[in-house]
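Me: I've got a structure here and I'd like to understand the labels people put on it. Can we go through them together?

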Amino acid sequence: MKVTATSVAALAVGAVAAPSKTTPRDASQVAAACTSAVSLDAKSNVFSKYTLHPNTFYRSEVEKAVAQMSDASLAASAAKVADVGSFLWLDSIANIAKFDAAVADLPCANILGLVIYDLPGRDCAAKASNGELKYNELSRYKAEYIDPIVTKIKANPNSAFALLIEPDSLPNLVTNADLSTCQESKTAYEEGVAYALKSLNLPNVVMYIDAGHGGWLGWDANLKPGAEELAKVFKAAGSPSQVRGYATNIAGWNAWDESPGEFSDASDAKYNSCQNEKTYVTKFSAALSTAGFPNHAIVDTGRNAVTGLREEWGDWCNVNGAGFGVRPTSSTGSELADAFVWGKPGGESDGTSDTGATRYDSFCGKPDAYKPAPEAGEWNQAYFEMLLKNANPKF
C-alpha cells in the first residue's frame, strides 16, 4: 500500500457526522453561573480547573433513548450517560440557535465545549456529512456563521468555552490534495479557519484545531506537512493567544495507549510509528512545536473502548461493535494531552447505510459498519445501546 501524503485518502479519511437537533433541557435546572468575567489562560490546561459540561442537547437525546428501553438495568446505565460532558455541535447556521439554551444550563465550574463545523465545501473527501455552504461561499461562512457565534460568546463573558475548530478540514488538505473537491475547498478551508481563529480569540475561550488521529496524520510522511499546515493557518490568523493546540480522534479514532497498536501487524505498519494515540500526540506535538504551533491536545475517547473491529484503520463510519470509552478527565498521564473528552456524541449516526441516498458514502456500507443506519447526525437507538453495552469502563 502506498503511503504518500496524497494517497492515504482510502485509508485515513475520517468523515464526521453532524449531530442532530434536539429539544433543550428545562431552564429551571440551571446551576449557579459565574458572577464575574471569565479569563482563560491558554498557556495552561483549563481542563484541570473546569469540568466539560454535560450539554443540554445531548442530555435530551439520551433521556429520550432511556424512555425507549424496556430493560430496566440497561435503562439505569443509559441514564448515567446523560451526565457525561460532551461537545455541542454548531454544525449549521440554523443550529447556532442551540447556543442560548446550552449557556443557560452552564454552571461556573463547567466549561462548555462547542464544535465549530460549517466550512464552505465541508468534508471534501467524503459524502456523509457534506455541509450547507458551497466551496465558494466563504463570505457567508464569515458573516452568517462565525460572526454570530462571536457575538453570542461576547454576550456571555461570565462563561467559559472550549472550541473544537473544524473537524476534517486541514487534515484533508494534507492527505487528499489530489481530490478536486479538496482542491476547490483549499482556499475556503485555510482562510475560513484563520478567520475563525482570529475572530473567536476571546478571553473566555480556549481553542483546539482538529488534527485527525494517528491513523491519518500519524503516518511518517504526514507528520511534518500536517504540522506545517496547522501552523500556516495559525500564523495567518496572527498567532491567536487563545489557541491551546489541537484535537484528535474526532474524525475517526484510535486507541489511546494500546501496545502493540490495533494495526501494528499490517503490511504497511512500518510507515506509521504512531500506532496508538499517545504516541501520535507525542510525535505530532513535537512536529507542531518545530513548526511554531501550540502543541497540547485533547483526545476524544467517546467511542474507542473496543479495538479489533475494523478491516482498515480508516474505516470511520458507524463502526460495528464500538463502545463508549473513558469519561472526560484531565488525568491523561501525558503532559501534552490536556484531557480525554467526548467530542462526537455517541448514538448519532456517522452516515446512512442506504445506498440510494444522496449522501450515501461507501464507507457506511462496508462490512465493519453497523447497519441499518440513518442519515448523518440522526439518532440511532440500536447503535447507542451497543455503545453502552460495550462501554469500558462500564456504566
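Me: Which residues of the largest nonpolar core touch the most other members?

Reply: Keep in mind that this is a predicted model. The largest nonpolar core has 65 residues, and Leu163, Leu200 and Phe284 are the ones that touch the most other members. Helix α5, residues 138-154, gives the most to this core, with seven residues.

Me: What does leucine 163 touch?

Reply: Leaving out residues up to four places away in sequence, leucine 163 touches Leu114, Ile116, Ile153, Leu200, Val205, Val206, Met207 and Tyr208. There's a general trend behind this kind of thing: in soluble globular proteins, nonpolar side chains tend to be buried together.

Me: What is in the second, separate core?

Reply: That one has 24 residues, including Tyr58, Val66, Ala82 and Tyr383.

Me: Why is tyrosine 383 called buried?

Reply: Buried means under 20% relative accessible area. Tyrosine 383 comes in at 7%, so it counts as buried.

Me: And tyrosine 370, why is it called buried?

Reply: Its relative accessibility is 17%. The cut-off is under 20%, so tyrosine 370 counts as buried.

Me: What makes tyrosine 370 and tyrosine 383 an aromatic pair, and why is the pair called edge-to-face?

Reply: Two checks. Their ring centres are 5.5 Å apart, and rings pair if the centres lie within 6.5 Å, so they count as a pair. The planes are at 80°, and over 60 degrees counts as edge-to-face, so that name applies.

Me: Why can you say this pair ties parts together?

Reply: Tyrosine 370 lies in the loop between β8 (337-341) and α10 (381-389), while tyrosine 383 is in helix α10, so the pair ties together parts that are 13 residues apart in sequence.

Me: How many aromatic pairs are there, and which residues do ring pairs link into a cluster?

Reply: The count comes to 18 aromatic pairs. As for the cluster, ring pairs link Tyr58, Phe324, Trp342, Trp379, Phe384 and Phe395.

Me: What makes α10 a mostly covered helix?

Reply: Seven of its nine residues are buried. They are Gln381, Tyr383, Phe384, Glu385, Met386, Leu387 and Leu388. What covers them includes α2 (56-67) and α3 (72-81).

Me: Back to the loop between β8 and α10. Proline 372 is found there too, so why is it called exposed or buried?

Reply: Exposed means over 50% relative accessible area. Proline 372 has 64%, so it counts as exposed. Leaving aside neighbours within four places in sequence, proline 372 is in contact with Ser353 and Asn380.

Me: Now helix α6. Why are serine 169 and valine 174 called buried?

Reply: Both of them sit in α6: serine 169 and valine 174, with the helix running over residues 169-175. Serine 169 is at 2% relative accessibility and valine 174 has 8%. Buried is under 20%, so serine 169 passes, and so does valine 174.

Me: Which residues is serine 169 in contact with?

Reply: Apart from neighbours within four places in sequence, serine 169 is in contact with Leu119, Tyr189 and Val193.

Me: What about empty space? Which residues lie nearest the centre of the largest pocket?

Reply: Gly121, Arg122, Cys124, Asn130 and Thr181 do, out of 15 lining residues. That pocket has a volume of about 220 Å³, and its lining divides into five nonpolar, five polar and five charged residues.

Me: How do you know what kind of lining the second largest pocket has?

Reply: You sort the residues by class. The lining includes Ala255, Trp256, Asp257 and Glu258. Asp and Glu count as charged, while Ala and Trp count as nonpolar. Over the whole lining there are six nonpolar, four polar and two charged residues. The space in this pocket is about 160 Å³.

Me: What makes the second largest cavity one of the two that are counted?

Reply: The count takes cavities of 30 Å³ or more. The second largest cavity has about 60 Å³. Among its 13 lining residues, Arg303, Lys344, Glu348, Asp350 and Tyr383 are the closest to its centre. By class, the lining has six nonpolar, three polar and four charged residues.

Conventions. Residues are numbered from 1 along each chain as its sequence is written. This is a predicted model: local features need pLDDT of at least 70, side-chain atom pairs count only at pLDDT 80 or more; totals for chains, interfaces and linings use all residues. Side-chain values use heavy atoms; hydrogens and water are left out. On a 1 Å grid over the protein atoms alone, a cavity is a set of points where a 1.4 Å probe fits but cannot get out, and a pocket is an open set with protein on both sides within 12 Å along at least five of seven lines; lining residues have an atom within 4 Å of a point. Grid points are joined across faces, edges and corners, and a volume is the space filled by probe spheres set on the points. Helices (H or I, at least four residues) and strands (E, at least two) are DSSP runs, numbered from the N terminus. Buried means under 20% relative accessible area, exposed over 50%, partly exposed in between (1.4 Å probe, protein chains only). A nonpolar core is a set of buried Ala, Val, Leu, Ile, Met, Phe, Trp, Tyr and Cys residues joined through side-chain atoms within 4.5 Å. Contact means heavy atoms within 4.5 Å. Rings of Phe, Tyr and Trp (its six-membered ring) pair if their centres lie within 6.5 Å; planes under 30 degrees apart count as stacked, over 60 as edge-to-face and the rest as tilted.
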